[in-house]
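Hello,

Here is the structure I promised to pass on to you. Please open it alongside this email, and I will walk you through what turned up.

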Amino acid sequence: MKALILNSGLGSRMGALTSEHPKCMTEISPRETILSRQLKQIADAGITEVVITTGYYDGVLVDYCKSLDLPLNFTFVKNPVYDKTNYIYSIYCAREYLQDDIILMHGDLVFENEVFDKVLASETSCMTVSSTLPLPEKDFKAQIRDGKVMKVGVDIFEDAMEAQALYRLNRKDWKVWLDKIAAFCEAGNTKVYAENALNELNGAANITALDVGDLLCAEIDNPEDLAVVSAKLKEIENRTVYMCFATDIIHGGHIAIIRKARRLGKLIIGVLSDEAMASYKRFPLLPAVERMRLFENIAGVSRVVEQRTLSYRENLEKYRPDIVVHGDDWCTGFQKPIRDEVVSILESYGGKLVEFAYSRDEKYNELQRRERAELAMPDIRRGRLRKVMDAKGLVTVMEAHDGLTGLIVENTVVYENGGARQFDAMWLSSLCDSTAKGKPDIELVDMTSRFRTIDDIMEVTTKPIIFDGDTGGLTEHFVYTVRSLERMGVSMVIIEDKTGLKKNSLFGTEVVQTQDSIENFCEKIRAGKKAQRTKEFMICARIESLILEQGMEDALTRAFAFVEAGADAIMIHSRKKDPSEIQEFIEKFRAKDSTTPIVLVPTSFNSVTEEEWKERGANIVIYANQLMRAEVPAMQQAAEIILKNHRAEECDAMLMPFKDIIRLIPEE
Ligand code: SPV
Ligand code: MG
């Protein structure tokens with residue numbers, strides 16, 4: 001594609017302003033002329049070939065273009081009779097250089113970047129028109145029928161709109177027009193507009209009307225025009241543009257959209273906070289402060305701010321940007337509510353939404369895949385539980401007992417309020433791991449086998465893992481368990497203060513269970529912490545006092561003692577439906593200890609929402625057995641139906657289609 005700028009004319013209506021140089025060199029701001037602005041816009045669009053027709057003060061013009069030092073190749077074509085002909089003849093003189101797709105503009109035209117973006121993005125040949133500006137008395141108007149430009153001229157009023165000589169001309173359409181221009185000139189018809197030739201084509205040049213409404217696209221004919229355009233440019237320069245990013249890496253696609261956005265005004269970038277990112281997208285590899293720093297160092301970004309929620313409301317109300325920029329991918333799908341809110345906030349104060357076509361490049365998908373693969377590495381996975389807890393305050397954890405349930409925890413997403421909600425981590429329950437193996441939950445499944453389950457899950461997932469370490473076994477054994485778990489990339493082990501033959505807590509006092517002494521258990525915690533090699537691994541002490549009906553005081557005494565011994569977190573358990581004893585514990589514990597994370601397993605006391613637990617001061621909510629409890633009755637039912645019917649047909653209705661199960665696990 002080439003740009004063609006028509007600069008041969010005398011510009012006589014500019015008076016003294018054009019006494020020493022052509023009109024296009026008139027200053028429109030302290031830093032730019034009409035021409036330098038046009039050329040920068042052309043260069044920014046990635047166009048490198050520029051044909052300029054010259055005449056009046058051609059030497060000055062050529063020197064000036066070269067002095068701008070832009071990445072452009074110029075072809076200057078002088079119209080030798082510029083003072084006796086119109087620009088139709090200048091185009092004719094340059095015709096041999098114009099066998100291409102062309103962006104054609106008059107040399108006295110000033111347009112804002114958004115106009116130029118629209119012209120460049122147009123798939124059809126087009127001319128800029130305005131449906132909102134009044135029809136000018138003397139200047140160009142276009143007659144438009146069915147969206148097509150039929151005629152252009154100063155005397156056209158029927159079906160007309162204000163029009164400016166900024167065209168995108170696809171090679172085929174341009175050839176039709178250029179041939180007609182040649183025919184005009186060869187017939188000596190050189191004192192008319194090039195559009196006179198166009199008008200004889202009856203729409204055969206296929207030029208559509210590109211409506212740019214109130215956006216700046218104006219020619220400068222006289223000092224009054226100059227004053228109006230300069231004022232408008234000043235206003236445009238002071239516009240603010242807002243964009244939000246939720247990414248750890250900045251790639252070429254991001255840079256391209258930033259470059260486009262910053263051409264619309266002063267660019268403010270919002271960086272999604274860690275909490276919002278972890279809650280509604282995926283866990284960030286870099287904390288928000290570092291992600292902000294990345295953007296601060298990109299040329300053309302004037303300010304970087306944190307966006308604390310997926311909703312733009314807070315930042316739009318605070319910064320009141322004139323323009324919000326986003327990819328058009330959010331027009332449909334789960335992000336639509338966010339977009340709708342942005343549109344209504346912008347409407348409330350006269351702001352505008354600009355959406356760029358969204359394109360997903362395969363190489364950036366590959367980057368994302370690699371980023372994901374990183375997350376699965378033990379060192380990164382291990383540290384993520386702490387980070388996500390710091391970012392969100394409360395993390396939600398779902399039980400997984402094999403590769404498949406691991407994948408369900410990893411991939412299950414629900415869309416809500418324009419974002420995606422998912423579990424933050426996985427719980428490797430002793431109950432479910434044992435049950436999956438058809439064994440009771442009494443520490444019968446040995447550590448080697450439990451580690452095998454961890455491995456199966458880790459192989460296909462990336463989320464942090466909390467391991468149910470039962471009693472931790474003998475202290476002498478526990479220290480090895482800690483090191484093995486750390487090495488594998490597990491984030492936390494929870495051990496319960498019981499001793500002897502452990503039974504599942506949900507039996508409560510229906511079975512004989514013995515609570516360990518505070519001294520012994522503290523010793524186990526201390527030994528575990530001493531054995532630990534990495535700083536991120538966590539040992540959580542689980543208190544069984546409420547399960548074993550030893551009272552609140554005992555639970556609290558133990559909690560403080562275990563923290564004192566080095567426990568990184570406290571799990572308080574209850575098998576009551578009523579959440580009040582757990583709530584009381586949290587309140588009393590938090591009165592003295594505001595930082596040690598509190599872990600809950602609300603299997604029985606399941607009526608309280610995560611939001612309320614967070615409000616009360618809990619940090620980890622574990623759904624300890626729901627997937628196992630969902631699969632068992634489904635499997636029993638299927639087995640019964642087949643037995644009753646002596647065949648499988650009746651069972652089909654409750655089953656996942658065969659074609660889906662074979663595709664459930666995608667190949668890497
Ligand atoms: C488990 O899931 O194995 C637990 C939690 O330890 S509970 O079953 O509630 O004891
Ligand atoms: Mg257990």
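Let me begin with ligand 1: one of its oxygen atoms sits 2.7 Å from an N or O atom in the side chain of Arg542. Please keep in mind throughout that this is a predicted model. Two other contacts of ligand 1 are worth a look. An oxygen atom of the ligand is 2.8 Å from an N or O atom in the Ser429 side chain, and an oxygen atom is also 2.8 Å from a polar backbone atom of Leu431. On its own, ligand 1 would expose 280 Å², and the protein buries 99% of that. The residues around ligand 1 also include Trp427, Asn504, His573 and Ala624.

Two further residues around ligand 1 are Ser430 and Asp468, and these bring us to the metal. Which atoms does the protein offer to the magnesium ion (ligand 2)? They are OG of Ser430 and OD of Asp468, at 2.0 to 2.2 Å from the ion. This pair links distant parts of the chain, since Ser430 belongs to helix H16 (residues 430–436) and Asp468 to strand E23 (residues 465–468), 38 residues apart. Both Ser430 and Asp468 are buried.

On the surface, you will find a nonpolar patch made of Leu404, Ile408, Met656, Phe658, Ile661, Ile662, Leu664 and Ile665, with about 750 Å² of accessible area together. Helix H15 (403–411) and helix H24 (658–664) are the elements that each give two or more residues to the patch. The largest share, 4 residues, comes from H24. Ile408, for its part, is found in helix H15. Its relative accessible area is 38%, so Ile408 counts as partly exposed.

Finally, have a look at two backbone angles. Asp69 has a phi near 55 degrees, which is positive although the residue is not glycine. You can find Asp69 in the loop between helix H2 (58–67) and strand E5 (73–78). Is Asp69 buried or exposed? Its relative accessibility is 67%, so Asp69 counts as exposed.

Glu443 is another non-glycine residue with a positive phi, near 60 degrees. Glu443 lies in the loop that runs between H16 and helix H17 (447–460). With a relative accessible area of 29%, Glu443 is partly exposed. H16 may sound familiar here, as it is also the helix that holds the magnesium donor Ser430.

Enjoy exploring the model!

Best wishes

How values were computed. Residues numbered from 1 in each chain as written. Chains lettered and ligands numbered in written order. Predicted model: local features only at pLDDT ≥ 70, side-chain atom pairs only at ≥ 80, totals over all residues. Heavy atoms only, no water. Donors = N, O, S within 2.8 Å, 3.2 Å for Na, K, Ca; no water. Buried < 20%, exposed > 50% of the residue type's maximum accessible area, 1.4 Å probe, protein only. Patch = residues over 30% accessible without salt bridge, like charges linked within 9 Å, V, L, I, M, F, W, Y side chains within 5 Å. Areas by Shrake-Rupley, 256 points an atom, 1.4 Å probe, with all protein chains shown as cover. Salt bridge = Lys/Arg side-chain N within 4 Å of Asp/Glu carboxyl O. Near = heavy atom within 4 Å. Polar contact = N/O pair within 3.5 Å; in protein donor to acceptor, adjacent residues only side chain to side chain.
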